[in-house]
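These are my notebook entries on a structure that I went through element by element. I set down what I looked up, in the order in which I looked.

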Amino acid sequence: MEDTVQERIQGIIDSNDVVLFMKGTKHFPQCGFSATVVEVLRRSGSEFQDVNVLEDPAIRQGIKEFANWPTIPQLYVRGKFVGGCDIIREMYEKGELDAVLSAKEG
Amino acid sequence: MVEAEDLEERIRQGVGDVSHIVVNDLTGTKDHWEALIVSEAFSGKSPIEQHQMVYAALGELMAGPVHALALKTYSPESWAKQEG
């Protein structure tokens, strides 16, 4: 059962270049930390897939184990865990986020 | 609910080599926190690894009593730059 959740998460991450696991949706974030990351991604002009963990308790719990990271939001770019709210915001402020988001595969 | 002193102690014990730490209760409800931590143990670690070390130190507290934790982590060198 647990494997299934981890596989589902892996599937979501594999099939989207930029994925944000968050509380609420990109149009209606339901947590200040999630809202901050959405805003930063918007300003970076990045397209991203949002996954609302509030609608899926299994993913909400599973994603914490997936990255050994106990909090949400979590941002994944091309299969790699980039960070939570504080790290994303810091990368944005330092001008490092665009490079991570825009680097094309290869 | 937890107390700031408990969080500070857990982080000091779990992370180790902490030279500076500030823990703030953001909402006065003892469940939304921010912490600034300077530790030699963070040297050479990525931000993700640094935050994982703090989460590991807090263990089960992250699964309930601590609803939110804003983290700023620094090695002594990066902290000196920040201050300068």
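Entry one, the hairpin. I began in chain B of this predicted model, where strand 1 and strand 2 of chain B form a hairpin with six residues between them, and where I noted that B:Gly28 in the turn has a positive phi of about 75°. I then looked up the pairing of the two arms and found that strand 1 of chain B and strand 2 of chain B (residues 32-39) run antiparallel and are joined by seven bridges. To fix the register I picked B:Asn24, whose bridge partner in strand 2 of chain B is B:Glu34.

Entry two, the rest of the sheet. Following strand 2 of chain B to its other partner, I found seven bridges to strand 3 of chain B, this time with the two strands running parallel. Here B:Trp33 has B:Leu69 as its bridge partner in strand 3 of chain B. I therefore recorded an open sheet of three strands in chain B, with the order 1-2-3 and mixed pairing. Strand 1 and strand 3 of chain B are the edge strands, each pairing on one side only, and neighbouring strands of this sheet are turned by 10° against each other on average, direction ignored.

Entry three, cover on the edge. Is strand 1 of chain B well covered or hardly covered? I counted zero buried residues among the eight residues (18-25) of strand 1 of chain B, and I noted this strand as hardly covered. I also noted that helix 1 of chain B lies across strand 1 and strand 2 of chain B and runs at about 150° to strand 1 of chain B.

Entry four, the two helices. I looked up how helix 1 (residues 4-15) of chain B packs on helix 2 of chain B, and found an angle of about 115° with the axes 8 Å apart. Helix 1 of chain B passes helix 2 of chain B in a right-handed crossing. Among the residues that meet there are B:Leu7, B:Ile11 and B:Val15 from helix 1 of chain B, and B:Met53, B:Val54 and B:Leu58 from helix 2 of chain B. By class, the residues of this contact divide into eight nonpolar, two polar and one charged.

Entry five, the other chain. Which chain gives eleven residues to the contact, and which gives ten? I found eleven from chain B and ten from chain A. On the side of chain B that touches chain A, helix 2 (47-58) and strand 3 (68-74) of chain B each supply at least two residues, and the largest share, five residues, comes from helix 2 of chain B. I closed with the classes on that side of chain B, which has eight nonpolar, two polar and one charged residues.

Note on methods:
Residues numbered from 1 in each chain as written. Chains lettered and ligands numbered in written order. Predicted model: local features only at pLDDT ≥ 70, side-chain atom pairs only at ≥ 80, totals over all residues. Contact = placed C-beta atoms within 7 Å. Nonpolar A, V, L, I, M, F, W, Y, C, P; charged D, E, K, R; others polar. Buried ≥ 20, exposed ≤ 12 C-beta atoms within 10 Å, placed from the backbone. Axes fitted to C-alpha atoms, helices over the stretch in contact; angles between N-to-C directions. Left-handed = near helix turned anticlockwise from the far one by under 90°.
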